[in-house]
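Here is a quick walk through one protein model, from its overall division down to a few odd backbone spots. Have the structure open while you read.

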Amino acid sequence: MALSRKVQQVQPSATLAMSSKTKEMIAKGIDVINLSIGEPDFTTPKAIGDAAIAAINSGKASFYTPAGGLPELKTAIRARIKAEDGVDYRQNQVIVTDGAKFALFLIFQVILNPGDNVLLPEPFWVSYSEQVRLAGGQPLAIKASGKDHKVTVADLEQMRTPQTQAMVINSPQNPSGLLYTAEELRELGNWAVAHDILIVADDIYSNLVYNGNQFTSLVSLGEAIKKQTLLVTGVSKTYAMTGWRIGYVLGDPQIIKAMNTVASHATGNPAAVSQYAALAGLNGDQKDAEKMRLAFEKRLNLLYPKIQSLPGFEIETKPQGAFYIFPKVKQAVAQCGYSTTEEFVEALLEEAHVAVVSGRSFGQPDYIRISYATDQASLDEAYKRTKDFLETKS
Ligand code: PLP
């Protein structure tokens with residue numbers, strides 16, 4: 001049986017593939033340190049788990065919910081966005097989805113026609129391009145000429161076509177951890193408004209910002225940019241809830257309604273128990289979220305100078321958010337005698353038992369992504385192993 005042409009164009013997620021390979025090695029008893037992961041190593045705060053258990057025990061979690069989410073959860077999402085970004089949304093401008101990943105999937109399903117394209121500044125998260133393809137659109141990778149992997153209006157303008165329907169801005173960014181300033185976002189936003197290009201603002205890491213840096217959401221930059229933007233975020237990273245699968249989108253009511261229609265046929269609704277858990281997270285006092293943020297900040301501050309000091313590793317600017325460091329390793333790869341970053345990453349895993357991800361799947365093959373969403377002792381050991389590996393090879 002032949003597979004559809006659509007699905008044949010799509011690559012499996014490289015980050016998940018690396019994670020699975022690492023987990024297989026760990027299951028075989030090999031002591032691998034996994035720095036390829038894209039999720040907090042913390043477990044979900046107890047108050048959130050307790051709320052889920054209460055929802056099960058009371059019977060509330062037994063039933064279907066509205067396709068686009070529980071009304072009380074939408075209200076809590078609006079209140080949190082108001083508190084964090086200072087903007088108001090109406091109830092019909094919110095949809096709850098099975099994770100931010102499915103939110104993005106639904107967006108591309110409802111906005112793209114065959115031949116439409118979406119601008120994706122490099123480096124970009126692996127799923128955007130594949131989701132655009134699955135929706136029949138064309139992903140256009142944009143070389144970012146600004147400092148710190150940031151895209152400029154000139155970069156976007158060079159690639160814009162009459163079929164450009166949307167662009168994705170992810171800040172703090174996976175994989176680089178870099179953050180756009182308000183001024184940079186305003187320029188991008190004004191350009192999108194001028195050309196009627198929808199902005200998909202992936203703010204999933206907005207609460208993981210460190211060392212006094214300030215997060216700005218595109219939606220806070222005035223009514224025109226807000227109207228042009230779909231704000232995508234969720235509870236996965238902020239509350240260590242990746243397994244619960246709750247994300248959400250705020251924006252144009254017509255687009256939200258269309259997403260609701262597709263979701264109603266695709267998944268029915270996000271799991272009720274997860275929605276009650278997310279509700280507790282959003283309405284809670286945010287202390288646990290802050291504790292986790294501080295822990296990530298401490299790890300970044302300890303790990304960054306070490307990564308910087310590794311021979312053949314280069315990083316221009318210290319990451320400001322998310323939980324990744326994205327060094328250029330071109331020199332290290334050459335010094336160790338490898339011809340590609342993938343060979344280097346493979347050898348680091350097989351020989352030093354440290355798992356990282358090649359930057360190729362984010363559109364930047366000379367880089368690797370190192371996740372520091374793991375405990376300090378493992379990070380210290382991973383650094384030591386990597387240093388020894390580099391010294392032995394070069
Ligand atoms: N966007 C980015 C940039 C991510 O890194 C991730 C997760 O890795 C997501 C969206 C999706 O998050 P989730 O589906 O867990 O809500």
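## Two domains and how they meet

Two residues are in contact if their C-beta atoms, placed from the backbone, lie within 7 Å. With that in hand, take this predicted model and look at its two domains: domain 1 covers 5–43 + 288–393, and domain 2 covers 61–283. Their C-alpha centres are 25 Å apart. Across the boundary, 34 residues of domain 1 are in contact with 31 residues of domain 2.

Which elements supply the domain 1 side of that boundary, with at least two residues each? They are helix H2 (14–27), helix H12 (287–309) and strand S9 (324–325). H12 gives the most, with six residues. By residue type, the side of domain 1 that touches domain 2 splits into 15 nonpolar, 13 polar and six charged.

## Strand S6 and its two partners

Now go to strand S6, residues 198–202. Four of its five residues are buried, so S6 is largely enclosed by the rest of the structure. S6 pairs with strand S5 (residues 164–170) through five bridges, and the two run parallel. To find the register, start from Ala-166, whose bridge partner in S6 is Leu-198. Helix H8 (residues 182–194) goes together with S5 and S6 to make a β-α-β unit, and the unit is right-handed.

S6 is also joined to strand S7 (residues 229–234), by four bridges and again in parallel. Here the marker is Ile-199, which stands opposite Thr-229 in S7. From S6 the chain reaches S7 by way of helix H9 (residues 223–228), in a β-α-β crossover that is right-handed.

## Around the ligand

There are 13 residues around the ligand, and those that come nearest are Gly-99, Ala-100, Lys-101, Gly-234 and Ser-236. Which helix gives the largest share of this shell? That is helix H5 (residues 99–111), with three residues. The character of the shell is easy to sum up: eight residues are polar, three nonpolar and two charged.

## A small antiparallel sheet

Strand S9 turns up again in an open sheet of three strands, ordered S9-S12-S11 and paired antiparallel. S9 and strand S11 (357–358) are the edge strands, each pairing on one side only. Two bridges hold S9 to strand S12 (residues 368–371), which runs antiparallel to S9. If you want a pair to click on, Ile-325 stands opposite Ile-370 in S12.

## Ala-141 in strand S4

Ala-141 sits in strand S4 (residues 138–142). Is Ala-141 buried, partly exposed or exposed? A residue needs 20 or more other C-beta atoms within 10 Å to be buried, and 12 or fewer make it exposed. Ala-141 has 17 C-beta neighbours inside 10 Å, so it counts as partly exposed.

Setting aside neighbours within four places in sequence, the contacts of Ala-141 are Leu-120, Glu-122 and Gly-363. As for Gln-8, it is 133 residues from Ala-141 in sequence, and the two are 20 Å apart in space, C-alpha to C-alpha.

## Backbone spots worth a look

Two cis peptide bonds are next. Glu-122, already met as a contact of Ala-141, leads into Pro-123 through a cis bond with omega near -5 degrees. Pro-123 is in the loop between strand S3 (117–121) and helix H6 (126–134). The bond joining Ser-171 and Pro-172 is cis as well, with omega about -10 degrees, and Pro-172 lies in the loop between S5 and H8.

Then come two residues other than glycine with positive phi. Asn-211 has phi near 55 degrees and belongs to the loop between S6 and H9. Asn-211 is exposed, because 11 other C-beta atoms lie within 10 Å. Gln-286 has phi near 70 degrees and is found in the loop between helix H11 (272–283) and H12. With 18 other C-beta atoms within 10 Å, Gln-286 is partly exposed.

Methods:
Residues numbered from 1 in each chain as written. Predicted model: local features only at pLDDT ≥ 70, side-chain atom pairs only at ≥ 80, totals over all residues. Pairing = 2+ DSSP bridges. Right-handed = clockwise from strand over helix to strand, strands pointing away. Near = placed C-beta within 6 Å. Nonpolar A, V, L, I, M, F, W, Y, C, P; charged D, E, K, R; others polar. Domains from an automatic or database assignment.
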